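Please open the model in your viewer and keep the selection tool ready. We will walk through it stop by stop.

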Amino acid sequence: MSTTDAPKKPRETDDVPVPATLRKSLKNRHIQLIALGGAIGTGLFYGSSESIALAGPSILLAYLVGGLAIFAIVRALSEMSVEDPKAGAFSYYATRYWSKRAGFTSGWNYWFNYILVSMVELSVVGSFVNYWFPAIPTWVSAAVFLVIICAANLLGVSKFGEFEFWFAIIKIVAVIAMIIGGLAVIIFALPTASGVRASFANWFTVGNGFFPNGLMGQNSDGSWTGLLMALVVVMFSFGGTELIGITAGETEDPKTTIPRATNDIIWRILVFYIGALGVIMAVVPWNTIDGKSSPFVQIFDSVGIHAAAGILNFVCLTAVMSVYNSGLYANSRMLYSLAKQGNAPAYLGKLNSRGVPVAGVLTSAAITAIAVVVVFVWPEFAFNYLMSIATIAGIINWTMIMLTEMKFRKVVAAGGAPEDSELAGLSGQEALDAIHFKLPFAKVTPWVVLAFLALVVVLMCFSTSYRIAVIAGVIWLAILFAAYQLTQAKK
């Protein structure tokens, strides 16, 4: 039989039945926009008011420092993802290169973190819908969007990628429009509502200058403020950037796509955080940004464009849907990975003909629904305690990524690289030199990042709102360790 007559291998798409396996259907444009969209959420559109109030214009330095830390974390994760692309990246790598206990802790921590983040996003989606349709109960909005996003995830990974692609496009266009609009106000010296002429000089002349609250200081009410305290808020606004690693197992060409998406993180942070907030504080005096409305709305309101509130409401609605879409995807793949490791019930490791871990999707959606009910019934408990775990879970996750990367390098140097990797058969410095996408200054960088994350935890202890998260983190880790011991004892 000639090669032209030979039966062709089915292409791995979501619409062609092939043996049950995860499909490598995410294209380069999906990964690029997933990575970009993961860093832009309601934390930027609304949460930036809190960070500006703490540090004034020096918040730009906080975003730069925090951005460099996040870049190093994602580079560490991508180093492993390129050599060994697997679903449920954090948990799989922790199990493979560290220990089963580490994989259990990493995986369930990340899963529960996104359950709680999704809980918050779905609980507030009703407030955005009520902007236009005040008669619709908030729980109805939450239920409708939960079903829509769940259905999209069940259709296959390429459909998830398309949803996330367009969600990200909306957010990106909104931020770019704001930047261009703000620059126009500055360049053409358009009058503003504050009466202060729009200029980048406002960073240094308004409200005690660039460092109005110094590195760290105490207000008359006993609360702490300053550049260092703003770092805490800034770091949590970057949550979700590590989603790049989760997608590696379903990416068409991880060796090309993952490095490109990872390296682009720096300019994304420069443009979409530092650029956007820099323009805002040039047009709107930073000391008038009080959090009662989004800084993005204020910049347009200041020049008489009052439709901005409605536009931003739509953007935030899509941002909320984007977060839950990403959260459900990440959680289903994490449960799949945990099941394959033996760290979760076996039924969660099964795939349908489209390569979707249906049980993982439905289980995560059901638990999220329960969590949303908790918000509506006991909001104080949900936001005081459950969100505290979500807050510290991000730090735990980033810490374990850095520790796992160091373990990964030790295993590779010992000749234990994956068999299907180009590193197979190599050992010592030769193996380390052959790593395709190296973490820069790998002998030092992990320790610097770990020290930085430790500093963030210490700073959290100075904040009344974040202090409970540190306590919750200790209790949460104890629960995870005890759960692991319990599962092993049963086996």
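Patches are made of residues with over 30% relative accessible area and no salt bridge, where like charges are joined within 9 Å and nonpolar side chains (Val, Leu, Ile, Met, Phe, Trp, Tyr) within 5 Å. Accessible areas come from the Shrake-Rupley method with a 1.4 Å probe, and for residues only the protein chains shown count as cover. This is a predicted model, in which local features need pLDDT of at least 70 and side-chain atom pairs pLDDT 80 or more, while totals for chains, interfaces and linings use all residues. Residues are numbered from 1 along each chain as its sequence is written, and side-chain values use heavy atoms, leaving out hydrogens and water.

**Stop 1: the surface**

Select Leu61, Leu64, Leu68, Phe211, Trp267, Leu270 and Val271: together they form a nonpolar surface patch with about 590 Å² of accessible area. Helices here are DSSP runs (H or I, at least four residues), numbered from the N terminus. Two of them, α4 (59–83) and α13 (265–283), each supply at least two residues of the patch. Trp267 sits in α13.

**Stop 2: a salt bridge**

Stay with α4 and pick Glu79, then add Arg409 from helix α17 (residues 379–413); the two are 330 residues apart. Their side chains meet in a salt bridge at 3.0 Å, N to O. The term calls for a side-chain nitrogen of Lys or Arg within 4 Å of a carboxyl oxygen of Asp or Glu. By this rule there are three salt bridges.

**Stop 3: along α17**

Now show α17 with helix α20 (residues 464–490): they pack at about 75°, with axes 8 Å apart. Axes are lines fitted to C-alpha atoms over the stretch in contact, and angles run from 0 to 180 degrees between N-to-C directions. Therefore α17 is roughly perpendicular to α20 (65 to 115 degrees; under 35 is roughly parallel, over 145 roughly antiparallel, and the rest oblique). Among the residues in contact (heavy atoms within 4.5 Å) are Tyr385 in α17 and Trp476 in α20.

Next, add helix α16 (residues 358–377), whose axis comes within 5 Å of that of α17, crossing at roughly 115°. Val374, Val375, Phe376 and Val377 of α16 touch Pro379, Phe381, Ala382, Phe383 and Leu386 of α17.

**Stop 4: α7 and α8**

Finally, select helix α7 (residues 138–154) and helix α8 (residues 157–187), which pack at about 130° with axes 7 Å apart. That makes α7 oblique to α8. Look for Ile149, Ala152 and Asn153 of α7 against Lys159, Phe160, Phe163 and Phe167 of α8.
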